[in-house]
Amino acid sequence: MAKKDRLLLVVVVLLACALTVVCVFTGQPLTTDGDAAVAANAEQMAALAEQALNDNTCRQIVLSDGASKALCPDVGIDGNQVTVTGPGIYHVTGDLGTGRLTVRADGNVTLILDGVTIDGGDGPAVDADNAKRTLLYLAEGSENTLISGTADTRTETADTDEEGSGAAVYARDPLYVAGKGSLTVEGWIHNGISTTDDL
């Protein structure tokens with residue numbers, strides 16, 4: 001083999017190796033169920049959420065009073081009750097009116113709140129259970145509001161058997177909040193945010 005040909009072969013092999021390394025370290029957008037499920041902590045979940053938001057690879061949930069839509073699997077909608085049943089990263093937008101966003105998934109769930117308003121009525125606006133971890137990630141520049149109860153019903157509708165049941169955000173597993181957006185919580189029944197695990 002001529003010296004020029006050998007040099008060309010070496011260059012091609014090195015280029016192939018470099019591309020392989022890039023693929024290994026960058027990979028595809030880390031937004032699949034498996035990737036969300038293996039994130040070990042809030043920082044990893046937040047990084048995955050930011051990447052998914054930038055890459056526009058999140059699962060989409062559009063809230064609307066009586067007309068919510070889920071442009072993805074693992075989301076059930078019954079009137080103004082929206083239930084996430086699978087792990088993953090969900091980009092949530094819109095105004096649900098009086099209703100509830102519930103998490104019932106076996107694994108990590110990230111809810112990217114991006115201009116979301118939910119009035120939970122006499123219960124939580126966001127209710128997370130059976131998820132390994134739940135992250136509320138506030139999209140940069142977004143304003144989000146979660147409400148439970150009113151000033152007039154603070155003690156009238158409280159469930160005395162379960163102290164956190166009327167909180168605007170109620171979680172039975174680790175709950176994290178991150179991101180550069182804003183979150184207004186109006187919890188007129190017990191606490192604004194209540195969790196039986198880490199917050």
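**Exercise 1. Determine how many disulfides the structure holds, and classify C58 and C72 as buried or exposed.**

Taking a disulfide as a pair of cysteine sulfur atoms within 2.5 Å, the count for this structure is zero. The model is a predicted one, in which local features need pLDDT of at least 70, side-chain atom pairs count only at pLDDT 80 or more, and totals for chains, interfaces and linings use all residues. Residues are numbered from 1 along each chain as its sequence is written, and side-chain values use heavy atoms, with hydrogens and water left out. For accessibility, buried means under 20% relative accessible area, exposed over 50%, and partly exposed in between (1.4 Å probe, protein chains only). C58, with a relative accessible area of 10%, is therefore buried, and C72 is likewise buried at 15%.

**Exercise 2. Locate N108, and find which backbone atom its side chain reaches.**

Helices (H or I, at least four residues) and strands (E, at least two) are DSSP runs, numbered from the N terminus. On that basis N108 lies in the loop between β6 (100-104) and β7 (109-119). Its relative accessible area is 0%, so N108 is buried. The side chain of N108 reaches the backbone nitrogen of R133 at 3.2 Å, where a polar contact is a pair of N or O atoms within 3.5 Å, one able to donate a hydrogen and the other to accept it within protein, and residues adjacent in sequence count only if both atoms are side-chain atoms.

**Exercise 3. State where N56 is placed and what sign its phi has.**

N56 sits in the loop between α3 (42-55) and β1 (59-64). Although N56 is not a glycine, its phi is positive, at about 55°. Most residues other than glycine have a negative phi. With 59% relative accessibility, N56 counts as exposed.
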